[in-house]
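Me: Please take a close look at one part of this model, the surroundings of a single loop residue, and then set that part in the context of the rest of the chain.

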Amino acid sequence: GINFAGGAEKFTGTRRMMTGAGEPLTQTPCPLDATYWQRNVESRFLYLAEKSKDLNVTGAVVDPEMYAADIKMYRAPCYCDECLREFIRSEGGALEAGAVFPRDRVQWLKQGQAGARFDAFFQSRVRMAATDGKNTVEAL
């Protein structure tokens, strides 16, 4: 089998995940960071697609756990400055994300009746990133 990185993987050059409690996860990439998707997800599927041309690959098992990160898998949205900024822009707002302290962001969204919309926005962006990667691989 092909093992891309295992437990030694380091996520460099990407912005970091911020929890809803305002805790920065210094070893975990933001799940909406384009560099993370291109370098750590899409590139691997492109590699598998290329190899499948020569090796008669009929399937693949993908283990999405991030053994070198602070968390093994994503279970909640990221509340980093850029994720919040993108959401605010999508809502037609102009508030700078840094104006809301990280530890206060979940409550701030709830107070503005925007918590569910933020969750939906976040899920749609992850879905969009995955679809973009899928389309890139299929174009190969």
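Reply: Contact, as the word is used here, means heavy atoms within 4.5 Å. The structure is a predicted model, in which local features need pLDDT of at least 70 and side-chain atom pairs count only at pLDDT 80 or more, while totals for chains, interfaces and linings use all residues. Residues are numbered from 1 along each chain as its sequence is written, and side-chain values use heavy atoms, with hydrogens and water left out.

The part chosen is Asp33, which sits in the loop between strand 2 (24-29) and helix 1 (34-55); helices (H or I, at least four residues) and strands (E, at least two) are DSSP runs, numbered from the N terminus. The chain as a whole has four helices and two strands, arranged along the sequence in the pattern β-β-α-α-α-α.

Is Asp33 buried or exposed? Asp33 is buried, because its relative accessible area is 8%, and buried means under 20%, exposed over 50% and partly exposed in between, with a 1.4 Å probe and protein chains only. Its side chain reaches the backbone nitrogen of Thr35 at 3.1 Å, which falls within the definition of a polar contact: a pair of N or O atoms within 3.5 Å, where within protein one must be able to donate a hydrogen and the other to accept it, and residues adjacent in sequence count only if both atoms are side-chain atoms. Once its neighbours within four places in sequence are set aside, Asp33 is in contact with Thr14 and Arg15.

Thr14 can be followed from its own side as well. Thr14 belongs to the segment before strand 1 and counts as buried because its relative accessibility is 11%. Not counting residues up to four places away in sequence, Thr14 touches Pro29, Asp33, Thr35, Tyr36 and Arg39, while its side chain makes a polar contact of 3.0 Å with the side chain of Arg16.

Asp33 also takes part in a pocket. For this term, a 1 Å grid is laid over the protein atoms alone, and a pocket is an open set of points where a 1.4 Å probe fits, with protein on both sides within 12 Å along at least five of seven lines; its lining residues have an atom within 4 Å of a point. The second largest pocket holds about 190 Å³ of space, where grid points are joined across faces, edges and corners and a volume is the space filled by probe spheres set on the points. Asp33 is one of the residues that line it, together with others including Pro31, Leu32, Ala34, Trp37, Arg125 and Asp132. Helix 1 and helix 4 are the elements that give two or more residues to this lining, and the largest share, five residues, comes from helix 4. By class, the lining divides into six nonpolar, two polar and four charged residues; Ala, Val, Leu, Ile, Met, Phe, Trp, Tyr, Cys and Pro count as nonpolar, Asp, Glu, Lys and Arg as charged, and the others, Gly among them, as polar.

Beyond this part, the largest nonpolar core has 17 residues, and Cys30, Cys78 and Phe118 are among those with the most contacts inside it. A nonpolar core is a set of buried Ala, Val, Leu, Ile, Met, Phe, Trp, Tyr and Cys residues joined through side-chain atoms within 4.5 Å. Strand 1 (16-18), helix 2 (81-90) and helix 4 (115-139) each give two or more residues to this core, with helix 2 giving the most, namely four. A second, separate core of six residues includes Tyr36, Val41, Ala69 and Ala129; Tyr36 is also among the residues that Thr14 touches, and Ala129 is one of the residues in the pocket lining.

Cys78 is in contact with Pro31, another lining residue of the pocket. Leaving aside neighbours within four places in sequence, the contacts of Cys78 also include Arg16, Cys30 and Phe118. In helix 2, Cys83, Leu84, Glu86, Phe87 and Ile88 are buried, and the buried residues of this helix pack against helix 3 and helix 4.

For the chain overall, 30% of the 140 residues count as buried, and among contacts between residues at least 6 apart in sequence, 66% join residues at least 24 apart.
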